[in-house]
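User: Hi! I am new to reading protein structures and would like to go through one step by step. Could you show it to me?

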Amino acid sequence: MFESLTQGLSNALGKLRGTTKFTEANMHEGMREVRRALLSADVSLEVVNSFIQRVEQTALGRDVLKSVRPSEQIVQVVYEELVNLMGPVNPAIPLKRSGPTVLMLCGLQGSGKTTTSGKLAKLLASQGQHPLLVAADLQRPAAIEQLKTIGAQLGIPVYSEAITDPVKVCLNGIKEAEKTKRNIVILDTAGRLHVDDALMKELEAIDRRCNPQQCFLVADSLTGQDAVNSSRAFNDALELDGIILTKLDGDSRGGAALSIKEVTGVPIKFVGMGEKLDALEPFRPEGMASRILGMGDVLGLVQKAQQTINEEDAKKAQEKMEKGKFDLSDFYTQLQRVKQMGSLRGIIEQMPGMSQMLGDQDDPEGEFNRIEAMISSMTPAERAKPELIEHSRRRRIARGSGTEPHEINKLIKQFEQMRSLIKGMANQSMMDRLKTMMGLQRSGALNGMAPLNTKERSKRGANISAEDRRKARKAEKQRKKSNRKRNRK
Ligand SMILES: Nc1nc2c(ncn2[C@@H]2O[C@H](COP(=O)(O)OP(=O)(O)O)[C@@H](O)[C@H]2O)c(=O)[nH]1
Ligand SMILES: [Mg+2]
């Protein structure tokens, strides 16, 4: 994910790092490189220009040039501005107190609506909700079957009807949810290859008649600026509440991820990270910015780890990692945990230093198993102090694990590098930032999709009269419009 963008930015920022004496001129030069990297990542020109301007202004305003470590400060500023560019976002889905909460998913054909409907249902079900999927794509005959298959896999009911009016299917689906006590309805609507009038009319009719609490656009990140442009069109017609950006797992450039919020005013709320039904994550700009700058996403990793292991364990591992007190035994434990967590590629990318260590393997599973075999052939003393491992020990370990002595050597070298990288990160102020977020996260404040408490819910207007809701929608539309105007400037 984002390989070419990360590479470009790290080259650009790396050059700045090599500078011993900082001046306004060479910072400007460095920013030119950053600009080039963003443009070749297909970030839209207007977004790149305002981004660079903000970074320069902030850096100069903060007197980065006079600071002790100007190059690191600039990385910090770029990180903060990336976060600002993509955020703020609250991926929580407010639930209605009575009656089903309706979520409408729309988007172009092939963007991932049907898959994402299933993923979202799974995520919500895992949080104790009771979703119902509604097959409202009546354009393609196979679409209903596709959703039914997904529903059967997940054990989540799917409502469908052999008629041609999608509005009716949606309305009946909502009635069905009321009857069968499902508290969330997910509408999987039809798409077209391009934005066209017929599609927009159909979607507007569903929006008007079903009055969904949230309307999400599903957009394919691989289509870059096309995704951004079509999002603008969908938002003009439907007042989107959020964007679900799919196929980020295959996106090496990141142009849509970086541009879409700035251009449309609509935040990304979830990201699709793979074809499997568990590959949907609430969007966190901080994690994304860290990943883009090649620093890994410690918090995201910890969140995922918490789903498989207990909190105490995760806290300990996190602290050890931050302090750099982390030996091969810990690493071994981590590897085994990681194996329980699912998609290895994704996890490797989130772990600082890990992707450098494993390289761009086609078969990360196989490489994991080799590393595991090597470490399990070491004695506890060797794991704690890899420097003990000299020639004859190396041969013994290689024989025990069915590998070659030079591979043992390589593993130890790379482990040392990874350890110093993590330790280095711990000294940066960005780490403090992550730690603060960790604190928030433990207290539950970042648990994206947990239903809001009653007080907050009524504040958000989830359970108010139709008249009030209309007024609120009008005001919201106005706000979004002026947002858009501002963003277009
Ligand atoms: N790699 C990857 N593939 C995805 C993701 N989301 C959807 N897809 C694939 O994109 C294709 C189209 O998805 P589908 O849900 O049928 O799109 P729809 O036409 O919008 O309903 C399918 O092959 C999905 O498996 C994702 O996040 N990552
Ligand atoms: Mg579909």
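User: Which loop holds Pro88?

Analyst: Happy to help, and please keep in mind that this is a predicted model. The peptide bond from Gly87 to Pro88 is cis, with omega near -5°. Pro88 itself sits in the loop between α4 (70–86) and β1 (101–106).

User: Which residues are closest to ligand 1?

Analyst: Let's begin with the whole shell: 17 residues surround ligand 1. By class, 2 of the shell residues are nonpolar, 10 are polar and 5 are charged. Helix α5 (residues 113–126) gives the largest share, with 4 residues. The closest residues are Gly110, Lys113, Thr114, Thr115 and Asp249.

User: How much of the accessible area of ligand 1 does the protein cover?

Analyst: Some polar atoms come first: a backbone atom of Gly110 is 2.8 Å from an oxygen atom of the ligand, and a side-chain atom of Thr115 lies 2.5 Å from an oxygen atom of ligand 1. A polar side-chain atom of Asp249 is 2.7 Å from a nitrogen atom of the ligand. On its own, ligand 1 has 580 Å² of accessible area, and the share covered by the protein is 81%.

User: Is Glu382 buried or exposed?

Analyst: Glu382 lies in helix α18 (residues 380–384), and its side chain reaches the backbone nitrogen of Thr379 at 2.8 Å. Leaving out residues up to four places away in sequence, Glu382 touches several residues, including Leu328, Arg393 and Arg396. Its relative accessibility is 0%, so Glu382 counts as buried.

User: How many residues apart in sequence are the parts that the pair of Phe216 and Phe270 ties together?

Analyst: The structure holds 1 aromatic pair. Phe216 and Phe270 form it edge-to-face, 6.2 Å centre to centre with 80° between the planes. Because Phe216 belongs to strand β5 (residues 214–220) and Phe270 to strand β7 (residues 268–272), the parts tied together are 54 residues apart in sequence.

User: Is Lys247 buried, partly exposed or exposed?

Analyst: You will find Lys247 in the loop between β6 (242–246) and α10 (255–264). Although Lys247 is not a glycine, its phi is positive, at about 60°. Its relative accessibility is 29%, and buried needs a value under 20% while exposed needs one over 50%. Therefore Lys247 counts as partly exposed.

User: What is phi of Asp42 near?

Analyst: Asp42 is in the loop between α2 (24–40) and α3 (45–61). Asp42 is a residue other than glycine with a positive phi, and the value is near 70°.

Key:
Residues are numbered from 1 along each chain as its sequence is written. Chains are lettered from A and ligands numbered from 1 in the order in which they are written. Side-chain values use heavy atoms; hydrogens and water are left out. A residue is near a molecule or strand if one of its heavy atoms lies within 4 Å of it. A polar contact is a pair of N or O atoms within 3.5 Å; within protein, one must be able to donate a hydrogen and the other to accept it, and residues adjacent in sequence count only if both atoms are side-chain atoms. Accessible areas come from the Shrake-Rupley method with a 1.4 Å probe; for residues, only the protein chains shown count as cover. Helices (H or I, at least four residues) and strands (E, at least two) are DSSP runs, numbered from the N terminus. Ala, Val, Leu, Ile, Met, Phe, Trp, Tyr, Cys and Pro count as nonpolar, Asp, Glu, Lys and Arg as charged, and the others, Gly among them, as polar. Buried means under 20% relative accessible area, exposed over 50%, partly exposed in between (1.4 Å probe, protein chains only). Contact means heavy atoms within 4.5 Å. Rings of Phe, Tyr and Trp (its six-membered ring) pair if their centres lie within 6.5 Å; planes under 30 degrees apart count as stacked, over 60 as edge-to-face and the rest as tilted.
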